[in-house]
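Please open the structure in a viewer and keep the sequence panel visible. The tour proceeds by selections, from the whole chain to single residues.

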Amino acid sequence: MARRLDSVASTLGAAVVPGRVEPSRPVDSAVALDDFSVVAHPSFATLVVGDRDELVAALAARDARAASLADAVLVTGADDPALRAGLAEAGVTALVGAPGHPTAVLPTIVALLAADQAAEDRLVTTGTKVLTQVARRGGAKAVIAELAHRIDGWAVLLDAHGQVITTAGAGGLHVQDAVAVAFNRPVRVRHPGLQVHPVGSGEDLTALLVIASRESSTSRARDLASQTAALLDLVLRTHDHAGTERLGRAIMVDTLLAGGAEASALLRRWGVHERSLTAFALSSRSKGVDLERLVARWLDELGAVHVMTEAHDRVLGFLRDDQVDAFARRALEFTLDGSAVLRLGLGSSGPGDALARSASEARQAHESAVADARTVVRYRALPTVALVLERLDADATAGIAELLDPLRGADGDHGELLLTLRVYLSEHGALGATAASLGVHRQTLAARLHRIEELSGLSMANPDDRTAAWLAVRALER
């Protein structure tokens, strides 16, 4: 919020004599002529206040102080053609003709700049408080997002090795420039004016924060980023004692998705004794929402066991069937700054030993919620495969299922090929996600898919064949 030179001139009622310093340059200090030695910062204007004759004499001295004075902005209450001509010849910027007593000019300017600095400090303090609150809710990612918003620019958080921890408002070129500036690499930087703030110091350096701001106040962005770096040092060094619990929940949810007797036994040990559960998938459009903590609170309010895990900015979990409506109401009622930011997909009820289908339905409903910008979408409300199969008789359904008979093993049962096909189709053909879900190498997955196509005569590159395969998979599950 530093005052521009032309704004100071307007407030004083003085005229601007153009010179080396642009009228748009922000002002950071004002001193009496007797106290002046050098310009404090080349990006800011330093005002030098004095008597007309004293200023002219100081400029005419042609010494080192006179050279520095030519880069400052002279301020005097006098104004006459000879003074203006002399200033113009020397190329010096000046504010002339300031009304009032000469001794009041300097105190007026100092008070004006002090008021602006106080307002600047209040904004930094308020911003720091908000960033601290955001850190409690969403960690480093939420802090970076809030910082980028407050400085009207972008921010990149790099680890000590130059790897990106998180970014906000930054594209690929911004990240490359951030890495180049942070590590002094000899490459051309396309976005000048970047600031680098270390998170930690010396051997304890944990990260580097790089920012670029579009706002006029460089100092405010610098101060706010400096405070943010100190806050991130605490956030990144805080040991997450809930990490083991999260990992345990993720492994247990994977067991539930695998199904079978082991899944049923795990649910009983987890304190869930219902025969059926309903899957949900929840995400947020705002990085400021701590989804895991939010869902945990809702489950506590419902008296439900925390059967959920967070991955890829989405929480996947399971509810008792009688808790689904209350959970959906909470999602509908939750807003951030008056806007609906949550996207919830709900599957259909499924048996405890076969919850993968409900989870897949919840993911599909969630994708529909994201695509249509709706807060809650229920799978049963979608015109999906289930609707088609429900309208077929037993013979027609069996006929569709027979499409996958070639995938049966020597014992006549479906095995890993059917599982591979189901996961592959559920992940919309994403090889990386499918391989990760199955716990196999991508080459192994590719070999299995080739075998499936060879045995079934279906091509995974053909959308009609993929649709037929999914219908067959769902028919086998009925």
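The stops below begin with the overall form, then turn to a sheet with its helices, and end in the nonpolar cores.

**The whole protein**

Display the entire protein as a cartoon, bearing in mind that this is a predicted model. The protein comprises 18 helices and 14 strands. Its radius of gyration is 33 Å, well over the 23 Å that the globule rule gives for 478 residues, so the protein is more spread out than a compact globule. Viewed along the principal axes, the C-alpha atoms fill a box of roughly 105 × 45 × 45 Å.

Switch next to a surface. About 24100 Å² is exposed, and carbon and sulfur atoms supply 52% of that area. Of the 478 residues, 43% count as buried. Among contacts between residues at least 6 apart in sequence, 60% join residues at least 24 apart.

**An open sheet of 5 strands**

Return to the cartoon and find the open sheet whose strands run in the order β1-β5-β4-β3-β2, with mixed pairing. Select residues 15-17 (β1) and 27-32 (β2): these strands stand at the edges, each with a single partner strand, so one side of each lacks a neighbour in the sheet. From one strand to the next, the twist averages 25 degrees.

Now select residues 45-49 and 73-76, which are β3 and β4; the two pair in the parallel sense over 3 bridges. Which residue of β4 is the bridge partner of valine 49? The partner is valine 75.

Add residues 52-60, helix α2, which packs on the sheet and touches β3 and β4. The direction of α2 makes about 155 degrees with that of β4. Then add residues 81-90, helix α4, which also packs on the sheet, in contact with β1, β4 and β5 (93-96). Here the angle between the directions of α4 and β5 is about 160 degrees.

**The nonpolar cores**

Move to the largest nonpolar core, a set of 25 residues. Show as sticks the residues with the most contacts inside this core: Phe280, Leu282, Val295, Trp298, Phe327, Leu342 and Leu344. At least two core residues come from each of β10 (276-284), α10 (291-302), β12 (314-320), α11 (324-333) and β13 (342-351). The most is given by α10, with 7 residues.

Centre the view on leucine 342. Beyond its neighbours within four places in sequence, leucine 342 is in contact with residues including Leu282, Leu291, Leu294, Trp298, Ala331, Phe334 and Arg374.

For the final stop, select Ile144, Ala148, Leu224 and Ala225, which are among the 21 residues of a second, separate core.

Terms used: Residues are numbered from 1 along each chain as its sequence is written. This is a predicted model: local features need pLDDT of at least 70, side-chain atom pairs count only at pLDDT 80 or more; totals for chains, interfaces and linings use all residues. Side-chain values use heavy atoms; hydrogens and water are left out. Two strands pair if DSSP finds at least two bridges between them. Helices (H or I, at least four residues) and strands (E, at least two) are DSSP runs, numbered from the N terminus. Axes are lines fitted to C-alpha atoms, for helices over the stretch in contact, and angles run from 0 to 180 degrees between N-to-C directions. Contact means heavy atoms within 4.5 Å. The radius of gyration is taken over C-alpha atoms; the globule rule is 2.2 Å times the number of residues to the power 0.38. Buried means under 20% relative accessible area, exposed over 50%, partly exposed in between (1.4 Å probe, protein chains only). Accessible areas come from the Shrake-Rupley method with a 1.4 Å probe; for residues, only the protein chains shown count as cover. A nonpolar core is a set of buried Ala, Val, Leu, Ile, Met, Phe, Trp, Tyr and Cys residues joined through side-chain atoms within 4.5 Å.
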